[in-house]
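Visitor: Please show me the model. I have some questions about its backbone, its strands and its chain contact.

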Amino acid sequence: MDDIDKKIINALQDGFPICDAPYRQVAMQLGLLEQELINRLKALLDNGTLTRFGPLYNAEQMGGALTLAAVKAPEQRFDEITDIINAFPEVAHNYARSHELNMWFVIATETPEQIQQTIDAIEQQTGLTVYNMPKNQEYFVNLKLEA
Amino acid sequence: MIEARDRQLLEHIQLGLPVCSKPYAEIGRLCDMPETEVIERLTQLKQQGLIKRMGVIVKHRQLGYRANAMVVWNVPDNLIKQLGGHIGQFPFVTLCYQRPRQPEWPYNLYCMIHGKDKATVLKQLEQLVDACSLSSFDQEILFSNRCFKQRGAVYKNTAVTHG
């Protein structure tokens, strides 16, 4: 990843125009040729630097639901619990964290009712208590990270 | 309630926009919709907030952000709004939420700090605690050791009809 790639990533984290030739518009702002921008973006997606290029939806407005959940996975069962939890398609992210509550994951479902169903299923399959910490209030979200 | 044609569009682009000179015309071809209608509908969905953002989703580890800490505090309910707003103003804070307290887990204010390394994150946290006068509240720092899974939410037909 060179400076031009970084410039592209930073610009595209701010947004992407909805118009007939959006890549040309972004390329002009960055002082690049349209084809160069397209080629570099493809490469960044192919090599995994970028997860995705597209829309970020508001889950609640889409009718879906999200929550943050955690379990205390015993050390000797850690890998097994990881496999069980990751196998759920409703689990969007899963992180190991340094705490007694050592596995933290986001559950995203198509309807609010499915959150509890997923939690029940995870509890049943793991035998662990799932801590459910849905958002009460959002104060700030900015997923932009300077490349 | 989301219109059928909007729903069709949202499903087509959820995994990514085409990377070619006229991406919205390409989506139009896939959805059997004129390019102008695709542009109009997406513009409106963005204005309504259903599309929060159009752009790239980065893997923070790939960009060199190796340390990510979730910091939680137990703060009095009457102060949480003010503190949450203050915390969100720091450039290194990526998320700040209020969440319900749990049995044996008394924390109600959460923030996420992404940094290049652990030492940087700890220094930023110190700055945050000082500036927001958080030192008198119970606090825990949970660094992530490993990321097992990271993907966007996927919506099928049913998701969008409940909107």
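## A walk through the model

Guide: Gly127(A) has a positive phi of about 75 degrees and comes just after α5(A). Helices (H or I, at least four residues) and strands (E, at least two) are DSSP runs, numbered from the N terminus. This is a predicted model, in which local features need pLDDT of at least 70, side-chain atom pairs count only at pLDDT 80 or more, and totals for chains, interfaces and linings use all residues. Residues are numbered from 1 along each chain as its sequence is written, while chains are lettered from A and ligands numbered from 1 in the order in which they are written.

Visitor: What span does α5(A) reach from its first C-alpha to its last?

Guide: Helix α5(A) covers residues 113-126, 14 residues in all. The expected span is 1.5 Å times one less than the number of residues. That gives 20 Å, and the helix comes close to it, at 21 Å.

Visitor: Which residues of α5(A) are buried?

Guide: A residue is buried if 20 or more other C-beta atoms lie within 10 Å of its own, exposed if 12 or fewer, and partly exposed in between, with C-beta atoms placed from the backbone. The face turned away from the buried side carries the exposed residues Glu113(A), Gln117(A), Asp120(A) and Gln124(A). The buried residues of α5(A) are Ile115(A), Thr118(A) and Ile122(A).

Visitor: Why are they on the same side of α5(A)?

Guide: An α-helix has 3.6 residues a turn, so residues three or four places apart point the same way. The arc is that of the directions from the helix axis to the C-beta atoms. The buried residues sit on the same side of α5(A) because their arc around the axis is only 70 degrees.

Visitor: What do the buried residues of α5(A) pack against?

Guide: Contact here means C-beta atoms, placed from the backbone, within 7 Å. The partners all belong to chain A: β2 (65-71), α4 (78-86) and β4 (103-109).

Visitor: How many residues of β2(A) are buried?

Guide: β2(A) has seven residues and is mostly covered. The buried count is five.

Visitor: Which residue is the bridge partner of Ala70(A) in β5(A)?

Guide: Two strands pair if DSSP finds at least two bridges between them. β2(A) joins β4(A) by seven antiparallel bridges, with Ala69(A) opposite Phe105(A). β2(A) also pairs with β5(A) (residues 131-133), antiparallel, over three bridges. There, the partner of Ala70(A) is Tyr131(A).

Visitor: Which residue of β3(B) does Phe140(A) stand opposite?

Guide: Strand β6(A) (residues 137-141) runs antiparallel to β3(B), with four bridges between them. Glu138(A) stands opposite Tyr97(B). Phe140(A) stands opposite Cys96(B).

Visitor: Which residue of β4(B) is the bridge partner of Gln98(B)?

Guide: β3(B) also joins β4(B) (residues 109-115) by five antiparallel bridges. Across them, Gln98(B) is partnered by Leu109(B).

Visitor: Which element gives the largest share of the side of chain B that touches chain A?

Guide: The contact takes 68 residues from chain B and 62 from chain A. Elements of chain B giving two or more residues to its side include α3 (35-48), β1 (51-58) and β5 (138-150). With 10 residues, the largest share comes from β5(B).

Visitor: What covers the buried residues of α4(B)?

Guide: Leu83(B), Gly84(B) and Ile87(B) are buried in α4(B). They are on the same side because they cover an arc of only 100 degrees around the axis. Lys81(B) and Gln82(B) are exposed on the other side. The cover includes β3, β4 and α5 of chain B, together with β6 of chain A.

Visitor: Is Glu104(B) buried or exposed?

Guide: Glu104(B) is in the loop between β3 and β4 of chain B. Its phi is near 60 degrees, a positive value in a residue other than glycine. With 10 C-beta neighbours inside 10 Å, Glu104(B) counts as exposed.

Visitor: How far apart are the C-alpha centres of domain 1 of chain B and domain 2 of chain B?

Guide: Domain bounds come from an automatic or database domain assignment. For chain B it gives domain 1 (4-56) and domain 2 (67-143). Their C-alpha centres lie apart by 36 Å.

Conventions. Two residues are in contact if their C-beta atoms, placed from the backbone, lie within 7 Å.
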